[in-house]
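Welcome, and thanks for taking a look at this one. Below is a short briefing to read alongside the model, grouped by topic so you can jump to whatever you need.

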Amino acid sequence: MASKQKILFASAEVVPFAKTGGLADVAGALPKVLAQMGHDVRIVMPRYGSIDGEKFGLREVVAPFTIPHGREQIEISVEQSDAIEGVPTYFIRNDYLYNRDSLYGQPDDDHRFVAYDRGMLEMLDPLGWRPDVIHCNDWHTGLVPVFLKTTYADLYGDIGSLFTIHNLAYQGTFSPHIMELAGLPWELFTWDQLAFWDHFNFMKAGLMYADKINTVSPTYAKETCTEEFGEGLEGVLAFRKDDYAGILNGIDYEEWNPERDPYIAAKFSADNLEGKTKCKHALQKAMSLPQWKDAPVLGVISRLSYQKGLDILDEVLPDLLENHRLQVVILGTGEEQYHDLLTRLALRYPEKLAIALKFDNALAHQIYAGSDFFLMPSRYEPCGLGQLISMAYGTVPIVRATGGLADSVKEFKSIRSTGNGFVFEGLEPRDFAAAIERGLKCFTDKPECWDRVVQNAFASDFSWQASAKKYAKVYKDAQAKAKTNYQQPQAA
Ligand code: ADP
């Protein structure tokens with residue numbers, strides 16, 4: 001390894017402690033691989049009430065101390081867990097702010113994440129540990145790069161920062177009072193610094209101030225520079241284009257491995273698919289579907305949202321269920337309209353559609369393992385992990401060619417093809433329906449082709465090793481940039 005770096009990885013959700021989506025998967029996997037490469041990596045996240053302190057062996061490592069918060073001082077402490085091998089995880093504790101029943105969507109998220117961002121810098125001194133670089137993830141960490149270049153410039157101005165976009169649609173937009181809450185000078189509240197249409201936008205703040213920025217797939221990096229995908233920040237990304245890159249996410253094959261998965265009915269591998277058939281039958285049983293042997297099972301695990309193409313799925317489902325011998329299993333939570341629609345359809349087709357409107361990690365493993373196909377008709381997809389995980393289980397993805405889906409799934413065209421799934425481009429329901437038809441035809445009529453595409457899916461390798469090396473390089477660049485700027489007289 002070139003040189004060992006000290007990396008603080010800041011994420012508001014981290015597997016196995018707290019998860020609502022793919023960010024948590026990344027935060028639980030990438031630091032582990034960086035640590036295996038020899039880097040000194042530590043994670044910092046809020047101490048949510050839902051985290052089981054006993055299970056994860058949480059212990060206090062910094063006693064309560066006060067940090068500035070607007071015009072007040074608030075008390076935080078720091079706890080540590082060693083549940084992730086080789087990666088100490090720090091938890092910023094303030095029960096008033098973080099002991100809630102959900103991770104986000106609280107009316108005082110502004111207070112919660114201003115305090116988290118400031119708390120992680122304030123904890124460094126009492127911890128006696130100083131990172132070379134802070135890897136910030138999504139809007140919850142957007143103030144950290146700002147603090148490093150302003151309030152904490154004297155102390156920590158030479159610490160590099162990387163800001164990663166996992167989903168540009170969630171920006172953390174609040175009224176300008178954040179400036180006071182964070183103790184930032186009003187002269188920074190201009191359009192080319194921290195103001196965003198008279199609001200304070202955490203995501204923009206991170207993107208403007210971080211030394212380097214990136215997102216989680218090369219295609220999404222390109223897409224976000226356009227008006228269609230830029231969510232209003234395309235100008236900022238164009239301005240930062242020399243420092244902006246796309247690095248494809250990986251998955252943690254220790255967690256997503258059909259040969260070792262503790263949640264599934266039978267173990268299996270690419271060489272021995274008997275267990276997969278058992279998993280399929282167990283899934284049908286668990287979801288109260290008849291155990292049809294000839295029918296394919298199509299799985300969906302998703303936030304039920306417009307982003308994920310749930311409207312397209314809803315348009316395609318009635319015809320699919322009416323006219324095909326197949327079964328669909330859907331796991332997800334989200335917008336009420338999709339809950340209602342899916343509930344109605346499931347009542348109408350009880351033998352063909354089973355839904356579970358909840359967040360359930362064990363069931364997710366069972367669906368990845370027991371399905372034949374995995375559906376992701378996303379309108380946009382920064383990376384998407386569902387398609388990567390499904391392939392680890394030999395479950396063939398049917399996806400829309402956008403963002404990370406376009407970077408990871410290629411159309412299966414013939415028995416000699418290396419294609420690992422079925423891909424469509426347009427946004428019309430008929431485009432999605434046609435891709436499903438191609439998949440079903442392959443499954444039903446062409447057993448040799450089906451075996452091939454399943455093997456191609458298994459063989460697709462999305463381990464973190466290659467991407468972790470790219471991150472290590474960006475960390476180095478970020479640190480070098482911070483150091484260079486730090487030495488300039490006006491920054492001192
Ligand atoms: P997102 O945009 O939601 O982050 P990703 O595809 O990047 O989408 O990651 C989603 C992650 O969350 C995957 O690990 C997926 O298995 C998991 N997931 C999504 N919905 C559920 C659910 N209802 N129950 C369990 N796991 C879920």
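The C-alpha centres of domain 1 and domain 2 lie 33 Å apart. Please keep in mind that this is a predicted model. The bullets start with the two domains, move on to the ligand and helix 14, and end with two individual residues.

**The two domains**
- The domain assignment splits the chain into domain 1 (6–250 + 465–485) and domain 2 (274–461).
- Where they meet, 19 residues of domain 1 are in contact with 15 residues of domain 2.
- Both domains also take part in the ligand shell, as at least three of its residues come from each of domain 1 and domain 2.

**Around the ligand**
- The ligand has 19 residues around it, and those that come nearest are Gly-22, Asp-25, Arg-303, Lys-358 and Tyr-368.
- If you sort this shell by class, you find 7 nonpolar, 6 polar and 6 charged residues.
- Two backbone groups lie by nitrogen atoms of the ligand: a backbone N or O atom of Lys-358 is 2.8 Å from a ligand nitrogen, and a backbone N or O atom of Asp-360 is 3.0 Å from a ligand nitrogen.
- For Gly-386, a polar backbone atom lies 3.5 Å from an oxygen atom of the ligand.
- On its own the ligand has 560 Å² of accessible area, and the protein covers 92% of that.
- Two or more shell residues come from each of helix 1 (22–36), strand 13 (297–304), strand 14 (327–334), helix 14 (361–370) and helix 15 (386–392).
- Strand 13 gives the most to the shell, with 3 residues.

**Helix 14**
- Helix 14 is mostly covered, with 7 of its 10 residues buried.
- The buried residues are Leu-363, Ala-364, His-365, Ile-367, Tyr-368, Ala-369 and Gly-370.
- Tyr-368 therefore appears in two places in this briefing: it is buried in helix 14, and it is among the residues that come nearest to the ligand.
- The packing partners of these buried residues are helix 11 (274–286), strand 13, strand 14, strand 15 (353–356), strand 16 (373–376) and helix 15.
- At the start of helix 14, a side-chain oxygen of Asp-360 comes within 3.2 Å of the backbone nitrogen of Ala-362.

**Asn-214, a buried residue**
- You will find Asn-214 in strand 11 (residues 212–215).
- Asn-214 counts as buried because its relative accessibility is 1%, and the cut-off for buried is under 20%.
- The side chains of Asn-214 and Tyr-471 are joined by a polar contact of 3.0 Å.
- Leaving out residues up to four places away in sequence, Asn-214 touches Leu-162, Phe-163, Thr-164, Ile-165, Tyr-244, Ala-245, Ile-247 and Tyr-471.

**Glu-60, a partly exposed residue**
- Glu-60 lies in strand 3 (residues 59–69).
- With a relative accessible area of 47%, Glu-60 is classed as partly exposed, because exposed would require over 50% and buried under 20%.
- Not counting residues up to four places away in sequence, Glu-60 touches Ser-77, Val-78 and Glu-79.
- Ser-81 is 21 residues from Glu-60 in sequence, and their C-alpha atoms are 9.2 Å apart in space.

Key:
Residues numbered from 1 in each chain as written. Predicted model: local features only at pLDDT ≥ 70, side-chain atom pairs only at ≥ 80, totals over all residues. Heavy atoms only, no water. Near = heavy atom within 4 Å. Polar contact = N/O pair within 3.5 Å; in protein donor to acceptor, adjacent residues only side chain to side chain. Areas by Shrake-Rupley, 256 points an atom, 1.4 Å probe, with all protein chains shown as cover. Helix = DSSP H or I, 4+ residues; strand = E, 2+ residues; numbered from the N terminus. Nonpolar A, V, L, I, M, F, W, Y, C, P; charged D, E, K, R; others polar. Domains from an automatic or database assignment. Buried < 20%, exposed > 50% of the residue type's maximum accessible area, 1.4 Å probe, protein only. Contact = heavy atoms within 4.5 Å.
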